Amino acid sequence: MRRMLIPAAAAVLIALVPTAPVSAEPQQKVPVAKGYGGAVSTVDLDASKAAISVLRKGGNAVDAAVAAGAVLGVTEPYSAGLAGGGFMVYYDARQRKVFTIDGRETAPQAMTSTALEGIPFDQAVTSGLSAGVPGTVANWDLALRRFGTISLKQALQPAIEVAAKGFVVDQTFYDQTAANAARFKDFTSTAALYLPNGAPPPVGSVFRNPELADTYRELAKRGPGWLYGGRLGEEIVATVKQPPVTPGSTRNVRPGLMELADLRAYRALMREPTKISYKGMDVYGMAPPSSGGSTVGEALNILESLPEVGLHEYLEASRLAFADRGKYVGDIPGVPLEELLSDGFAKERACLIGERAMTHPAAPGSPDGSYEPCAQPTGSATPVADEGPETTHLVVADRWGNVIAYNLTIESTGGNGIVVPGRGVLLNNELTDFTPGPAPGDPNLPGPGKRPRSSMAPTLVFDDGRPVLAVGSPGGSTIITTVLQILLNRYEFGMKLPEALAAPRATQRNTAQTQAEPAFLALHQKDLMDRGHSFAPNPEIGAATALEFLGGGRVQAVAEPARRGGGSAMVVVPAR
């Protein structure tokens with residue numbers, strides 16, 4: 001979303017070197033860049049600059065993605081950070097294979113299916129109880145060990161520099177801080193960092209986080225074990241179990257259940273990607289506990305089963321895929337993933353799409369391997385759970401043809417609102433992604449060691465075995481529809497990739513009303529209402545990043561031109 005940063009934001013991989021002092025003069029973010037030798041798109045100028053610097057120094061796509069992710073923990077601290085989690089979908093050009101890494105947070109062993117039951121959502125978010133065991137550092141470590149060429153210590157250097165020198169506060173950072181000020185002030189450590197002099201840092205000022213710089217330095221020196229069982233882990237557990245509530249605060253802040261043993265037990269996991277065939281191309285995504293790959297894939301399969309595809313069909317296919325997501329997808333054994341993504345199931349579901357919008361809510365289908373022409377579903381729909389609108393996404397390609405799409409998050413804007421004292425790090429509130437219950441049979445109920453269902457949908461598209469496009473977005477459950485709509489814009493409606501990202505959006509998630517941006521409503525509301533759709537305005541849906549291979553070694557990186565302040569696309573060698 002952001003950032004103007006600092007001439008000194010170029011990555012330094014081996015050691016910090018003297019650089020020019022921070023200037024409050026903004027640098028220009030560019031949403032589209034074409035060129036050679038590698039490319040990156042993030043929501044933030046400093047993160048993109050760090051990634052490009054890594055690529056220019058000979059690092060690969062994974063090296064650059066980790067470096068950019070660490071910088072986002074500084075400049076986008078309300079969306080990402082080392083106390084959060086995420087998912088990577090990575091194509092290794094040498095092995096010609098897609099890999100995925102699950103760095104999703106886990107519930108503590110003491111978490112039960114009723115632990116969140118009956119707690120108002122806002123109280124559950126701002127509590128120690130919502131904090132999941134962090135997965136981001138384990139994700140970085142596993143990715144670098146399996147696929148990278150530099151160490152975690154080297155990858156963290158750009159973020160250390162940005163945290164120490166500071167970045168220029170823009171309107172988005174100010175607005176997000178102001179929106180969180182009421183709860184930030186209720187924690188001593190958070191108020192001291194993000195509400196200096198009792199108010200958000202003003203636009204144009206330089207914001208520094210020396211405690212986070214020190215935390216990254218120690219992590220670089222001591223390695224992931226410092227978090228997963230070491231001193232940093234102890235401090236996180238202490239903060240979760242006894243949040244630093246400001247004296248006199250009346251907020252009901254519940255303590256959490258995390259123990260040091262939960263951190264010691266945490267592992268990032270290699271998983272098989274989801275894969276579907278769409279218009280002769282292969283589309284790879286993230287498998288459970290993410291619902292991104294399955295829901296995007298099912299919707300694309302449904303649409304490919306229809307004789308024609310327009311916006312009405314897009315909304316209806318999404319409605320049906322979300323009905324199935326709610327019924328079947330979670331961090332549980334036996335998710336019927338193969339059947340959810342089968343052509344037979346897609347055709348059975350597609351048969352329900354007619355000239356008018358379906359009655360709300362659409363019921364889930366039966367992905368049982370026995371499909372009939374137009375079988376009527378008999379199950380009951382599951383409501384869409386609350387999910388934080390934040391998260392961030394980045395894409396990187398390198399000179400060797402490796403490509404990564406990476407979603408990382410701390411869940412709600414500002415996570416659970418609690419900064420670990422002395423560490424400059426906000427904790428996540430990922431456990432509110434669980435269905436709080438009571439909901440018998442829901443696949444997303446909390447449980448010990450369980451990973452909450454996610455909507456993150458980092459996605460890679462291949463044509464004739466070669467990667468052609470990478471895309472993803474933040475936005476809670478609207479991530480799925482944002483990625484789906486961009487793919488349809490590109491491959492069904494004939495838009496170029498920059499147009500596909502910039503086009504106005506609507507999101508149907510098996511809800512009574514379709515949320516839509518004002519520009520979408522202005523263009524399409526009347527026609528779609530005539531077909532039975534109902535709408536509610538949403539000022540902004542998603543903030544995507546993407547890249548596309550143009551042939552001849554040329555690549556195009558694309559970010560949002562306006563949403564969340566616009567993003568930053570860069571290439572190693574710009575096209576002449």
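Trainee: Where is Pro438 placed in this model?

Mentor: In the loop between strand 12 (425-426) and strand 13 (459-463). Keep in mind that the model is predicted.

Trainee: What is the peptide bond from Gly437 to Pro438, cis or trans, and how do you know?

Mentor: Look at omega. It is near 0 degrees, and the bond is cis. Most peptide bonds are trans. A second cis bond joins His360 and Pro361, with omega about -10 degrees. Pro361 also has a loop address, between helix 15 and strand 9 (392-398).

Trainee: What makes the phi of Glu411 worth a remark?

Mentor: Its sign. Glu411 has a positive phi of about 90 degrees, yet is not a glycine. Most residues other than glycine have a negative phi. Glu411 sits in the loop between strand 10 (403-409) and strand 11 (419-420).

Trainee: Why is Glu411 called buried?

Mentor: Its relative accessibility is 3%. Buried means under 20%. So Glu411 counts as buried.

Trainee: Is Asp464 buried or exposed, and how do you know?

Mentor: Set the value against the cut-off. Exposed means over 50%. Asp464 has a relative accessible area of 70%, so it is exposed. Asp464 also has a positive phi, about 55 degrees, without being a glycine. Its loop runs between strand 13 and strand 14 (466-472).

Trainee: Why is Leu550 called partly exposed?

Mentor: The partly exposed class lies between the two cut-offs, 20% and 50%. Leu550 has 34%, so it is partly exposed. This residue belongs to strand 18 (residues 545-551).

Trainee: Which residues does Leu550 contact, leaving aside neighbours within four places in sequence?

Mentor: Lys34, Val555 and Gln556. A contact needs heavy atoms within 4.5 Å. Lys34 is 516 residues away from Leu550 in sequence, but their C-alpha atoms are 9.0 Å apart.

Trainee: What makes Lys185 and Asp186 a salt bridge?

Mentor: The distance. A side-chain nitrogen of Lys or Arg must lie within 4 Å of a carboxyl oxygen of Asp or Glu. For Lys185 and Asp186 the N to O distance is 3.4 Å, and the pair passes. The two partners fall in separate accessibility classes: Lys185 is partly exposed at 48%, while Asp186 is buried at 7%.

Trainee: How do you know that Glu316 and Arg319 form a salt bridge?

Mentor: By the same limit, within 4 Å. Their closest N and O atoms are 2.9 Å apart. Both residues lie in helix 13 (residues 311-328), three residues apart, about one turn of the helix. Glu316 is buried at 0%, and Arg319 is buried at 4%.

Trainee: What does the pair Arg349 and Asp324 tie together?

Mentor: First the bridge: the closest N and O atoms are 3.0 Å apart. Arg349 lies in helix 15 and Asp324 in helix 13, so the pair ties together parts that are 25 residues apart in sequence. Arg349 is buried at 1%. Asp324 is buried too, at 0%.

Trainee: Which residues do salt bridges with shared partners join into one network?

Mentor: Arg104, Glu105, Glu430 and Asp433. The count for the protein comes to 24 salt bridges.

Trainee: How do you know that Glu348 has no salt bridge?

Mentor: Check the nearest side chain of opposite charge. That is Arg349, 6.6 Å away. The limit is within 4 Å. Glu348 fails the test and is nonetheless buried. Glu348 lies in helix 15 (residues 343-350). Beyond residues up to four places away in sequence, Glu348 touches Ser366, Ser370, Tyr371, Glu372 and Ala375.

Trainee: How do you know that the radius of gyration agrees with a compact globule?

Mentor: Compare two values. A compact globule with 576 residues would have a radius near 25 Å; the protein has 22 Å, which agrees. The C-alpha trace spans about 65 × 60 × 45 Å along its principal axes.

Trainee: How many helices and strands are there, and what share of residues is buried?

Mentor: There are 18 helices and 20 strands. Buried residues make up 64% of the 576 residues. Of contacts between residues at least 6 apart in sequence, 74% join residues at least 24 apart.

Key: Residues numbered from 1 in each chain as written. Predicted model: local features only at pLDDT ≥ 70, side-chain atom pairs only at ≥ 80, totals over all residues. Heavy atoms only, no water. Helix = DSSP H or I, 4+ residues; strand = E, 2+ residues; numbered from the N terminus. Buried < 20%, exposed > 50% of the residue type's maximum accessible area, 1.4 Å probe, protein only. Lys, Arg positive; Asp, Glu negative; His and termini not counted. Rg over C-alpha atoms; globule rule 2.2 N^0.38 Å.
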